[in-house]
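User: I would like a close look at one part of this structure, with the rest brought in where it helps. Please keep it plain.

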Amino acid sequence: MTAATKHTPLVLSGMQPTGQLHLGNYLGALKNWVKLQERMPCLYCIVDMHAITVWQEPATLANATREVTAAYIAAGVDPERSALFNQSQVVEHAELAWVFNCVARLGWLDRMTQFKEKSGKHKERASVGLYTYPVLQAADILVYRATHVPVGEDQRQHLELARDIAQKFNNDYAVPDFFPLPEPVITGHGARIMSLRDGTKKMSKSDESDFSRINLTDDADAIAQKVRKARTDPQPLPETAESLAGRPEAENLVNIYAALADHTPATVVSEFAGAQFSVFKNALADLAVAKLTPIASEMRRLLSDKAEIDGILKRGAERASAIAKPVMAELRRIVGFVG
Ligand code: TYM
């Protein structure tokens, strides 16, 4: 039995409210979150405290938090079934993050590749929060003793760190099963969606070219234009999925199609074997428009009632707090905090 299975199954995941959500966020995470609701209790947060590790205009942050909430719901997260909340409303995240700052080792954080990428050449100018970002992420998960964390491939290293922190806490305080070792749930062909301009770079909010990504709020014309302009090589589609190896842009477009259609890349390739990319791109554009534009219009509808969104976040935060509070009460006793 793994450590995770000794604990009641519980899902937690989150996204940063920085900029627009894109197809990578949807296929890598959100789509799986919706499915997991059928199998386990789920907590989905909007990680506004992570967002401020780099400067955010306060009004923009508040709007983005509501937008991401609307995106979760529009994509199929049911706020009645799953607790949906913004991280900053549940103060136990920050409290546990402090304790974990004292458990995690500098050497562990020094190995985090996302900090290196995000801080760039001038790491001494990065915020301290950006450096300890993965420690807060571990607290997000473990404050609920969550066992399963559905994310894209780029979060794998952060989840390994969360497991290391949980394990070290359990060992240091001699409480072997206090925290589960949370399992990453990284599934499907959407786990690593690449840029439409460069098949070796992941699709990202921070890419300066808007043509590198499809935003969840793009309209049908924008989606079709971005798919048509997506970089490809001169070869037609191959006969087998294995032959996509070494053709990163072609492979990415096939993976996107497969993830959107809930097919395997092999099925997609057999359907379009030998076709020119112009033909395949038209089919992909139609599929992306059919899947994404209903989400965008539902988001617009939800965003017209901010009070409703704020109410959902508040109720979600209350449900989340009710799980976190007893965990923190026990943790305080374990650590030796009086009171
Ligand atoms: P964030 O906001 O960067 O991304 C949100 C989710 O989208 C996934 N993702 C992708 N998946 C496939 N292809 C892509 N190109 C792509 N880009 C992003 C991410 O893997 C993620 O699942 N640190 C996290 C947020 C976080 C979190 C947590 C996640 C904070 N606390 C606790 C899980 C549990 C992040 O920055 O995700």
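Leaving aside its neighbours within four places in sequence, which residues is I256 in contact with?

Analyst: This is a predicted model. Leaving aside neighbours within four places in sequence, I256 is in contact with L23, L27, I193, L196 and L284.

I256 belongs to the largest nonpolar core, which has 61 residues. Those that touch the most other members are L23, Y26, L30, Y72, I256, L260 and F280. L23 is thus named twice: as a contact of I256 and in that group of seven. Helix α12 gives this core its largest share, eleven residues. There is also a second, separate core of 50 residues, and F100, V143, A162 and I334 are among its members.

Start with the surroundings of the first core. Helix α1 covers residues 23-36, and N25 has its place there. N25 counts as buried because its relative accessibility is 16%, and the cut-off for buried is under 20%. Apart from neighbours within four places in sequence, N25 touches M15, Q20, L30 and K205. One of these, L30, is also in the group of core residues that touch the most other members. Before helix α1 comes a loop that starts after β1 (11-15), and G19 is found in this loop. G19 is exposed, because its relative accessible area is 52%. From G19 to S321 there are 302 residues in sequence, and their C-alpha atoms are 27 Å apart in space.

Next, α12 itself. Two packed helices are described by the angle between their axes and the distance between the axes. Helix α12 (residues 277-303) packs with helix α9 (residues 220-229) at an angle of about 145°, and the axes are 9 Å apart. Their crossing is right-handed. On the α9 side, the residues in contact are A220, I223, A224, V227, R228 and K229. On the α12 side they are K281, N282, L284, A285, A288, V289, L292 and T293. By class, this contact has nine nonpolar, two polar and three charged residues. L284 of α12 therefore has a part in two places: it meets α9, and it is a contact of I256.

Now turn to the second core, starting from A162 and F100, both of which are members. A162 is in helix α8, as one of the residues that meet α7. The axes of α7 (residues 128-142) and α8 (residues 156-172) come within 9 Å and cross at roughly 70°. That angle makes α7 roughly perpendicular to α8. The crossing is right-handed. From α7, the contact uses Y133, P134, V135, Q137, A138, I141 and L142; from α8, it uses H158, L159, L161, A162, I165 and A166. Eleven of these residues are nonpolar and two are polar, with no charged residues.

F100 leads to another partner of α7. Helix α4 (residues 92-101) packs with α7 at an angle of about 125°, with the axes 8 Å apart. So α4 is oblique to α7. This crossing too is right-handed. H93, L96, A97, F100 and N101 of α4 contact T132, V135, L136, A138, A139, D140 and L142 of α7. The classes here are eight nonpolar, three polar and one charged. V135, A138 and L142 of α7 take part in the contact with α4, and V135, A138 and L142 are also listed in the contact with α8.

After α7 comes a loop leading to β4 (148-150), and R145 lies in it. R145 is partly exposed, because its relative accessible area is 21%. Most residues other than glycine have a negative phi. R145 has a positive phi, near 50°. A146 is in the loop between α7 and β4 as well. A146 counts as buried because its relative accessibility is 0%. Leaving aside neighbours within four places in sequence, A146 is in contact with L10, V11, L12, I141, P180 and P182. A146 and M203 are 57 residues apart along the chain, and 28 Å separates their C-alpha atoms.

The loop after α8 also holds a residue with an unusual sign of phi. A174 lies between α8 and β5 (183-185), and its phi is positive, about 55°, although A174 is not a glycine. A174 counts as exposed because its relative accessibility is 61%.

Terms used: Residues numbered from 1 in each chain as written. Predicted model: local features only at pLDDT ≥ 70, side-chain atom pairs only at ≥ 80, totals over all residues. Heavy atoms only, no water. Axes fitted to C-alpha atoms, helices over the stretch in contact; angles between N-to-C directions. Helix = DSSP H or I, 4+ residues; strand = E, 2+ residues; numbered from the N terminus. Parallel < 35°, antiparallel > 145°, perpendicular 65-115°, else oblique. Left-handed = near helix turned anticlockwise from the far one by under 90°. Contact = heavy atoms within 4.5 Å. Nonpolar A, V, L, I, M, F, W, Y, C, P; charged D, E, K, R; others polar. Core = buried A, V, L, I, M, F, W, Y, C linked by side-chain atoms within 4.5 Å. Buried < 20%, exposed > 50% of the residue type's maximum accessible area, 1.4 Å probe, protein only.
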